Amino acid sequence: MLVHGTFRQHWPSILLKGLSCRGRTHIHLAPGLPGDPGVISGMRPNCEVAVFINGPLALAGNADGVLPPKYFKEALQLRPTRKPLSLAGNEEKEHQRLKHSSRGRMTQQ
């Protein structure tokens with residue numbers, strides 16, 4: 001199991017664009033959730049969202065240091081209560097934000 005911990009405010013962007021090393025040399029991953037035996041680094045104990053990665057398929061990432069959402073296996077909200085998060089939700093919301101204007105151009109609302 002490979003897991004990336006993050007905060008709720010970053011989840012919409014991660015779901016849309018993927019995980020990024022953001023100038024670092026790698027994306028931090030842990031072998032489990034905060035508090036699990038053996039999880040001593042790679043996951044902040046106060047993270048709010050856990051993104052489970054399909055490890056064997058995702059190890060390469062891409063040349064830009066991004067791990068695209070297609071490699072996400074599942075996501076779990078950790079705080080305030082644990083519950084599954086949708087991996088498809090943001091694509092629909094992004095399409096709803098884009099609206100055709102009367103001239104046929106795409107505009108953002």
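**Exercise 1. Find where confidence is lowest and where it is highest in the chain.**

Solution. Start with pLDDT, the predictor's confidence in each residue, from 0 to 100. Its mean is lowest, at 35, in strand E7 (residues 98-100), and highest, at 95, in strand E6 (residues 83-85). Strands (E, at least two residues) and helices (H or I, at least four) are DSSP runs, numbered from the N terminus. This is a predicted model, in which local features need pLDDT of at least 70 and side-chain atom pairs count only at pLDDT 80 or more, while totals for chains, interfaces and linings use all residues. Residues are numbered from 1 along each chain as its sequence is written, and side-chain values use heavy atoms, with hydrogens and water left out.

Next, take the chain as a whole: its mean pLDDT is 78, and 79% of its residues reach 70 or more. Finally, look at residues 90-109, where pLDDT stays under 50. Where pLDDT is low, the predicted coordinates should not be read in detail.

**Exercise 2. Work out how E3 is paired and covered.**

Solution. Begin with the partners; two strands pair if DSSP finds at least two bridges between them. Five bridges join E3 to E1, and the two run antiparallel; here Val 3 has Phe 52 as its bridge partner. Five bridges also join E3 to E5, again antiparallel, with Ala 75 as the partner of Val 51.

Now check burial (buried means under 20% relative accessible area, exposed over 50%, partly exposed in between; 1.4 Å probe, protein chains only). Five of the five residues of E3 are buried. In a regular strand the side chains alternate between the two faces of the sheet. In E3, one side carries Val 49, Val 51 and Ile 53, the other Ala 50 and Phe 52.

**Exercise 3. Compare the surroundings of Thr 6 and Asn 54: which is buried and which is partly exposed?**

Solution. Take Thr 6 first, which sits in strand E1 (residues 2-6). Thr 6 counts as buried because its relative accessible area is 6%. Beyond four places in sequence, Thr 6 has contacts (heavy atoms within 4.5 Å) with Ile 14, Cys 47, Glu 48 and Val 49.

Then turn to Asn 54, in the loop between strand E3 (49-53) and helix H2 (55-58). Asn 54 is partly exposed because its relative accessibility is 29%. Outside its neighbours within four places in sequence, Asn 54 is in contact with Tyr 71 and Lys 73.
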